[in-house]
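Subject: Structure for you to look at

Hello,

I am passing a structure on to you, together with some notes on what turned up when it was examined. Please keep it open while you read, so that you can follow each point for yourself.

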Amino acid sequence: MSFAHAETPPPSGDMPTAKMLAASGTQVVGDQGEIPWSGVETDIRLVQLGRLFVSRAIEARIHKVLDATRRARTIYPEPRNVVVHGETGVGKTDIMKRYLAANPEYRRENGCIRRPVLYVDVRHSSTPKSVARSMLRSLGVEEGYCFGATAELTQRLKVQLVGQNVELVIMDEFHNTVTDNGAVKANRIAAWVKDLSKAKIRTGLLPDGQPEENIPFAMVGTERVLRIVEPTENPELASITPYDLAVDRYRYRTKAEIAEFRDFLDDLDQELPFDEFSDLGRAALADKLHIATFGLLRQVAVLITGAAELAILDGSDRIREPHLHDAMEDRHGLLQANLISAESQGSERRAVFNPFEKPILGTTSRRVRKSGHREAA
Ligand SMILES: Nc1ncnc2c1ncn2[C@@H]1O[C@H](COP(=O)(O)OP(=O)(O)OP(=O)(O)O)[C@@H](O)[C@H]1O
Ligand SMILES: [Mg+2]
């Protein structure tokens, strides 16, 4: 069983570790050390719901590209930047946070901090100056040094980035730097990113500066982020941004897409703190889960964890359809996924309804092995 942030050091005390389970009188069983969840305290099972994580091919692909940009910075004369874009709730931030967790900052023997990856959320910053300030703060620079003119802050920032050995800057929520009618704003931020990424201190001895001064940027956000690297609008930044990675929601039109969503549900099911498999990926239920969530990960997580909470609290051995029904009733606001989706239009845009049946509890007692629909099919 894998948990969110598996690469990070063990999270603080609330994981159901073998020690905790032993203390609660529970034994770890099975070849892979499966946890007998029905014997685990409710609070610990609820904590596990906050850690649900399914490993996806897109995440591995993005992490590989980020590794490549870090390697490239000292090999090639110019940095190679990345844009990662996708609708709200498809899992972009989670992918970036796990990359950060896998490449944490540390102190060198001389006491100086080394920070291979700098992650900044620029949700509340829309100008070069405010982005520079957020970055300086994230680099641990004292508050008094986070003020000044843009040029001054930018120079200070570059010195800090190089001094802390930053190999990659991830700027999340980067679409906030572009307003709907903001071509001028987009151009300003694009020019600023290009300069910060490429700027070198050139001397007679080092006419091309030092390779460490190349700092690649990963610009992450909704589709609007693409405007910043639009070749006709910002050719210079576009020309040093070869990587364009889209994170998509789960679609549900072709056989392959349907199978992919069902596999995802199966994998999520494996992570749930129940001894029984809820069989979320079974065809009829997967259809309904897609209707309810539009294939957006945030919506899937909200619905499934909501249903799981109800199932844990009422002592059920797994999630059943009535739990999904009730979870959806309580969370209509969040689950109007088809309306939230920026690109949903026309036939895809439809009224929200609760697709789950509410049969009388206890009538659906079919037990399913914890192996999922793949083997069951
Ligand atoms: N790999 C995953 N496995 C399970 N759940 C996930 C996964 N990735 C994301 N989620 C769920 O989706 C939620 C939203 O993910 P995230 O915040 O990364 O989306 P986002 O694309 O950054 O959205 P926004 O554009 O609104 O910032 C997470 O809080 C989590 O509940
Ligand atoms: Mg995000």
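An oxygen atom of ligand 1 lies 2.9 Å from a polar backbone atom of Gly89, and in this predicted model a polar backbone atom of Asp94 is likewise found 2.8 Å from an oxygen atom of the ligand. A side chain takes part as well, since a polar side-chain atom of Arg298 is 3.1 Å from an oxygen atom of ligand 1. Taken alone, ligand 1 would expose 640 Å², and the protein buries 84% of that area.

As for its place in the protein, ligand 1 sits in the largest pocket. Both domain 2 (57–246) and domain 3 (253–376) contribute residues to the shell around ligand 1, and therefore the ligand lies between these two domains.

The shell itself can be described in a little more detail. There are 17 residues surrounding ligand 1, and the closest of them are Val54, Thr88, Lys92, Thr93 and Asp94. When the shell residues are sorted by character, 6 are nonpolar, 4 are polar and 7 are charged. Helix H4 (92–102) and helix H11 (297–313) each supply at least two residues of this shell, and the largest share, 4 residues, comes from H4.

With best wishes

Terms used. Residues are numbered from 1 along each chain as its sequence is written. Chains are lettered from A and ligands numbered from 1 in the order in which they are written. This is a predicted model: local features need pLDDT of at least 70, side-chain atom pairs count only at pLDDT 80 or more; totals for chains, interfaces and linings use all residues. Side-chain values use heavy atoms; hydrogens and water are left out. A residue is near a molecule or strand if one of its heavy atoms lies within 4 Å of it. A polar contact is a pair of N or O atoms within 3.5 Å; within protein, one must be able to donate a hydrogen and the other to accept it, and residues adjacent in sequence count only if both atoms are side-chain atoms. Accessible areas come from the Shrake-Rupley method with a 1.4 Å probe; for residues, only the protein chains shown count as cover. On a 1 Å grid over the protein atoms alone, a cavity is a set of points where a 1.4 Å probe fits but cannot get out, and a pocket is an open set with protein on both sides within 12 Å along at least five of seven lines; lining residues have an atom within 4 Å of a point. A molecule sits in a cavity or pocket if more than half of its atoms lie within 2 Å of its grid points. Ala, Val, Leu, Ile, Met, Phe, Trp, Tyr, Cys and Pro count as nonpolar, Asp, Glu, Lys and Arg as charged, and the others, Gly among them, as polar. Domain bounds come from an automatic or database domain assignment.
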